[in-house]
Amino acid sequence: MRARALRALKTSAAAVDRLRPPPRGVVVLIYHRVGGGSGLELDLSRDRFAEQMAALAASGRATTLDAALDALAAPAPPHPGALDPVVVTFDDGTADFVDVAVPVLVEHGVPATLYVATEFVEQQREMPYGAPPVSWSGLRDAVDTGLVTIGSHTHTHALLDRATPEAVRVELDTANELIEDRLGVIAGHFAYPKALDGSPAARREVAARYRSAALAGTRPNRYGATDPFRLARSPIQRSDEMQWFHAKVAGGMVFEDGVRRLLNRVRYSGAET
């Protein structure tokens with residue numbers, strides 16, 4: 001029943017795209033897990049992920065988040081015939097990122113940004129959805145590939161729309177300090193947990209520390225018109241067959257995102273992390 005409902009939603013979203021094609025811009029993709037075997041929508045099979053990364057590599061569109069931000073600062077696309085960049089990002093920091101996803105990224109030469117919730121790594125505590133965390137040594141190996149950029153996802157995966165200003169500062173600074181101390185890199189980018197926007201005070205603290213901040217949105221980030229602290233990202237799910245993956249890479253499937261956000265507003269109403 002759930003699979004049929006998801007397929008119907010995706011089919012409807014693709015139909016909306018045909019009626020109203022998405023604009024040009026940089027597409028940022030969200031992943032969480034690869035090859036974890038959990039059966040959750042956020043956990044892709046290794047083969048499906050590899051097929052997607054092979055397609056991105058063949059298109060020549062995969063780029064780093066920093067290069068994408070440079071492109072977005074321009075008032076218009078590089079030239080009419082150019083393909084728009086695509087950025088791969090991961091949230092949280094599960095063990096399968098290093099064990100499964102990174103070898104695939106290396107095989108296809110696709111760069112990625114990983115936003116780490118540092119408390120889970122530091123304490124080696126399972127993620128809320130039962131996934132084991134990555135280790136600091138594993139993250140060092142990932143960074144050494146030259147393809148992985150480490151960003152912050154707060155320390156405890158706290159939702160910053162309901163945290164006090166002092167709690168926000170502690171969340172951001174603790175994560176940044178751990179990333180620098182354990183990995184020897186500066187976290188230049190941030191992703192809001194559960195892609196929920198922060199309070200005005202939290203947004204100011206984020207802007208003071210990072211070059212960019214990511215939310216949700218399932219739409220292209222438009223050249224010359226994108227706030228780098230409100231980057232839209234398109235979540236890739238286990239139920240995304242290649243046709244839906246290509247639709248999201250093209251900047252589409254916004255209707256699916258709208259339905260998901262309505263459901264998540266209820267789902268996360270009482271949560272803190």
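Which residues have the most contacts inside the largest nonpolar core? In this predicted model, they are Tyr 31 and Phe 97, and the core that holds them has 49 residues. Helix α4, spanning residues 95–108, gives the most to this core, with seven residues. Apart from this core lies another, of twelve residues, which includes Val 28, Leu 65, Tyr 223 and Leu 231. In soluble globular proteins, nonpolar side chains tend to be buried together.

The surroundings of Phe 97 were examined with its neighbours within four places in sequence left aside. On that basis, Phe 97 is in contact with Phe 90, Val 102, Leu 105, Leu 114, Ala 142 and Val 148.

Tyr 31 also appears in the surroundings of a polar residue, Gln 52. Gln 52 lies in helix α2, which covers residues 46–59. The relative accessibility of Gln 52 is 0%, and Gln 52 is therefore classed as buried, the cut-off being under 20% relative accessible area. Beyond its neighbours within four places in sequence, Gln 52 is in contact with Tyr 31, Leu 44, Ile 236, Asp 240, Met 242 and Phe 245.

A second buried polar residue was examined in strand β6. Ser 152 is placed in this strand, which is made up of residues 148–152. Ser 152 has a relative accessible area of 0% and so counts as buried. With neighbours within four places in sequence left aside, the contacts of Ser 152 are Tyr 115, Val 116, Ala 175, Asn 176, Ile 179, Ala 187, His 189, Phe 190, Ala 191 and Tyr 210. The side chain of Ser 152 also reaches the backbone nitrogen of Thr 154, at 3.2 Å. Between Ser 152 and Leu 178 the C-alpha to C-alpha distance is 10.0 Å, while the two residues are 26 residues apart in sequence.

Empty space inside the model was then considered. Rolling a probe the size of a water molecule over the atoms shows where such space is left. A search of the whole structure finds one cavity of 30 Å³ or more, and about 30 Å³ of space lies in the largest cavity. The lining of the largest cavity consists of Thr 63, Thr 64, Leu 65, Val 87, Val 88, Pro 111, Ala 112, Thr 113, Leu 147 and Thr 149. Two elements, β4 (86–92) and β5 (112–116), give two or more residues to this lining. By class, six of the lining residues are nonpolar and four are polar, with no charged residues. Leu 65, one of the lining residues, is also among the residues of the twelve-residue core.

Key: Residues are numbered from 1 along each chain as its sequence is written. This is a predicted model: local features need pLDDT of at least 70, side-chain atom pairs count only at pLDDT 80 or more; totals for chains, interfaces and linings use all residues. Side-chain values use heavy atoms; hydrogens and water are left out. A nonpolar core is a set of buried Ala, Val, Leu, Ile, Met, Phe, Trp, Tyr and Cys residues joined through side-chain atoms within 4.5 Å. Buried means under 20% relative accessible area, exposed over 50%, partly exposed in between (1.4 Å probe, protein chains only). Helices (H or I, at least four residues) and strands (E, at least two) are DSSP runs, numbered from the N terminus. Contact means heavy atoms within 4.5 Å. On a 1 Å grid over the protein atoms alone, a cavity is a set of points where a 1.4 Å probe fits but cannot get out, and a pocket is an open set with protein on both sides within 12 Å along at least five of seven lines; lining residues have an atom within 4 Å of a point. Grid points are joined across faces, edges and corners, and a volume is the space filled by probe spheres set on the points. Ala, Val, Leu, Ile, Met, Phe, Trp, Tyr, Cys and Pro count as nonpolar, Asp, Glu, Lys and Arg as charged, and the others, Gly among them, as polar. A polar contact is a pair of N or O atoms within 3.5 Å; within protein, one must be able to donate a hydrogen and the other to accept it, and residues adjacent in sequence count only if both atoms are side-chain atoms.
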